[in-house]
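Here are my notes on the model you sent round. Please read them with the structure open.

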Amino acid sequence: MSLAGEPSFRESVDLMFNRAVRVMGLSPGLEEKIRVCNSCYTVRFGVRLRGDIHTFTGYRAVHSEHAEPVKGGIRYAMSVNQDEVEALAALMTYKCALVETPFGGSKGGLRIDPSKWEEDELERITRRFAYELIKRDLINPSQNVPAPDMGTSEREMAWIVDQYQRMNTTDINALACVTGKPLHQGGIAGRVEATGRGLQYALREFFRHPEDVARAGLSGGLEGKRAIVQGLGNVGYHTAKFLTEEDGVRLLAIIERDGAIFSAEGLDVEAVRDWIRLNGGVKGFPGATFSADGPGMLETDCDILIPAAMEGVINLGNAARLKAPLILEAANGPITAGADEALREKGVVVIPDMFANAGGVTVSYFEWVKNLGHIGFGRMERRQEEARHKLLIDELERLSADQDLGWTLSPRFKHRYLKGADELELVRSGLDDTMRGAYQQMRVLWHDRPEITDLRMAAYVVAIDRIAKSYKSKGL
Ligand code: NAD
């Protein structure tokens, strides 16, 4: 999105980067090396469809190769352009460093409106785009590993991995060339929900620290907090679902492309999702008031605002009017650099994108490791774990009977204790640990160093410090 009087998305990311490096004491040369995007490949390719040749434009930007492979989603949208993929690739570099996944940053995009094409047409377009990237090693298990993003899903990842396998028939690690694949095609349990799940874990961790909650002018836990979500796609839907169903958050409003719906009692996320599927938008959803002014709903009074659609939606044009004291950046770059400054001045706390939505890349990392290991998580240990737990339970029950102690273990406890962890539980455990660990590193800087005034700056400092160390140890 290009906004009048505001820097582009990439410039916005660079401005945020510049704020952070000011307090880090790196050499100007190293700062520049970390900041710039290493390369951006543009491809224009033709596909014969509907009796004519259609030319499509796609990009794959590689921001930093301090760690390889580089990692980042592929986006399908008409708004895709070089500036955007470079900005998103930079965010991927910092995000991967922050949550300690061993990747550099990349991002891809195709200028296309997926809703205008049939499934078989999209498959041919995707395979052709993948072909162009694969033959240049811009999709490759050890060099560049894409994932889903806006407008793409498991379906496109399945086509991409199949295309890679056709072109690399003897590559034993072929499945690791892309993540976010369907479970039956080398995917991992919990990847589809991962970004939303990570956002939930991020918010839970924030609310575990009363001092941090107080900085946003809030108190107590998540239960009963009023939220507004923009974008009910993969990320927005899962975030809203988990927060409302598991943490007692009340969802006041959902903003979609066609407008917004509001209900003071709270919206049922599943029901809204079904409604959108059937009707193509939120308009007319029963029991809620509709407003055609979707962006206007961002300004409604609530406790937690969750932009989960696209970049630049909170900008100098509306930042001053926002009422939410806490913003959870589910989308990448939803707040422009100018708006970020205005919000800081108002005392709004922003849980920044590079941390908040890192659940996707974290579980992608687990999927990549699973593909390279050629074995699912928990397969070797699960029954062994169950057998050892059963040994303990049997012994306790024997002791109780022999010594006439009268102990009984509740059936619920026994059931839960005896069950060995499956892949989904292990993935969620690894994700939770990652989100908690990253937040704690950020908050230490936020609290201990007065010049680090906000969580975004703290996130950049943690990430850039790791990348700088990596470059330095390579002798750069
Ligand atoms: P998606 O295509 O599944 O969903 C996007 C949703 O936003 C759709 O429902 C769409 O209708 C809606 N939307 C688009 N423009 C809108 C607008 N102007 N106003 C209101 N609603 C609008 O995409 P997604 O994968 O959920 O990605 C959303 C954001 O999250 C993007 O910024 C993406 O980069 C980021 N993200 C995604 C992942 C992931 O794993 N999918 C991971 C990290 C970050």
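The points below cover the ligand site, the core, and then single residues.

1. Status of the model. This is a predicted model. Please read every distance and angle below with that in mind.

2. Ligand shell. The ligand has 22 residues around it. Arg75, Asp149, Thr195, Glu256 and Asn332 come nearest. By class, the shell holds nine nonpolar, eight polar and five charged residues. Two elements, α8 (234-247) and β7 (250-256), each supply at least two residues of this shell.

3. Polar contacts to the ligand. Which distances separate the ligand's oxygen atoms from polar protein atoms? For arginine 75, a polar side-chain atom sits 2.8 Å from a ligand oxygen. For aspartate 149, an N or O atom of the side chain is 2.8 Å from an oxygen atom of the ligand. Asparagine 234 uses its backbone instead: a polar backbone atom there is 2.9 Å from a ligand oxygen. On its own, the ligand has 830 Å² of accessible area, and the protein covers 86% of that.

4. Where the ligand lies. Why is the ligand placed between domain 1 (37-187) and domain 2 (188-378 + 421-476)? Both domains give residues to the shell around the ligand, so the ligand lies between them.

5. Asparagine 234. This residue is found in helix α8. Besides its backbone approach to the ligand, asparagine 234 has a side chain that reaches the backbone oxygen of valine 192 at 3.2 Å. Its relative accessible area is 39%, so asparagine 234 is partly exposed. That accessibility value counts only the protein chains as cover. From asparagine 234 to proline 450, the C-alpha separation is 37 Å, with their positions 216 residues apart along the chain.

6. The largest nonpolar core. This core has 90 residues. Ile34, Tyr94, Phe206, Leu326 and Tyr460 touch the most other members. Helix α16 (residues 455-473) gives the most to the core, with twelve residues. Domain 1 (37-187) and domain 2 (188-378 + 421-476) both give residues to this core, so the core lies between them.

7. Phenylalanine 9. Is this residue buried or exposed? Phenylalanine 9 has a relative accessible area of 9% and is therefore buried. The residue is found in helix α1 (residues 9-21). Its C-alpha lies 8.5 Å from that of leucine 88, although the two are 79 residues apart along the chain.

8. Aspartate 303. Look for this residue in the loop between β9 (289-291) and β10 (304-307). Its relative accessible area is 12%, so aspartate 303 is buried. The cut-off for buried is under 20%. What does the side chain of aspartate 303 reach? The partner is the backbone nitrogen of arginine 226, at 2.8 Å.

9. Backbone geometry to check. Most residues other than glycine have a negative phi, and most peptide bonds are trans. The peptide bond from glutamate 68 to proline 69 is cis, with omega near 10 degrees. Proline 69 sits in the loop between β2 (52-64) and β3 (70-77). Glutamate 100 is not a glycine, yet has a positive phi of about 55 degrees. Its place is the loop between α3 (82-98) and β4 (104-111). Aspartate 404 also shows a positive phi, near 55 degrees.

10. The loop between α13 and α14. Aspartate 404 lies in this loop, before α14 (411-418). At 70% relative accessibility, aspartate 404 counts as exposed. Glycine 406 is found in the loop between α13 and α14 too. Its relative accessibility is 64%, so glycine 406 counts as exposed. Glycine 406 and serine 79 are 69 Å apart in space, C-alpha to C-alpha, and 327 residues apart in sequence.

11. Glutamate 381. This residue lies in the loop between α12 (359-373) and α13 (382-402). With 47% relative accessibility, glutamate 381 counts as partly exposed. How many residues separate glutamate 381 from aspartate 422 along the chain? They are 41 residues apart, and their C-alpha atoms are separated by 9.4 Å.

Key
Residues are numbered from 1 along each chain as its sequence is written. This is a predicted model: local features need pLDDT of at least 70, side-chain atom pairs count only at pLDDT 80 or more; totals for chains, interfaces and linings use all residues. Side-chain values use heavy atoms; hydrogens and water are left out. A residue is near a molecule or strand if one of its heavy atoms lies within 4 Å of it. A polar contact is a pair of N or O atoms within 3.5 Å; within protein, one must be able to donate a hydrogen and the other to accept it, and residues adjacent in sequence count only if both atoms are side-chain atoms. Accessible areas come from the Shrake-Rupley method with a 1.4 Å probe; for residues, only the protein chains shown count as cover. Helices (H or I, at least four residues) and strands (E, at least two) are DSSP runs, numbered from the N terminus. Ala, Val, Leu, Ile, Met, Phe, Trp, Tyr, Cys and Pro count as nonpolar, Asp, Glu, Lys and Arg as charged, and the others, Gly among them, as polar. Domain bounds come from an automatic or database domain assignment. A nonpolar core is a set of buried Ala, Val, Leu, Ile, Met, Phe, Trp, Tyr and Cys residues joined through side-chain atoms within 4.5 Å. Buried means under 20% relative accessible area, exposed over 50%, partly exposed in between (1.4 Å probe, protein chains only).
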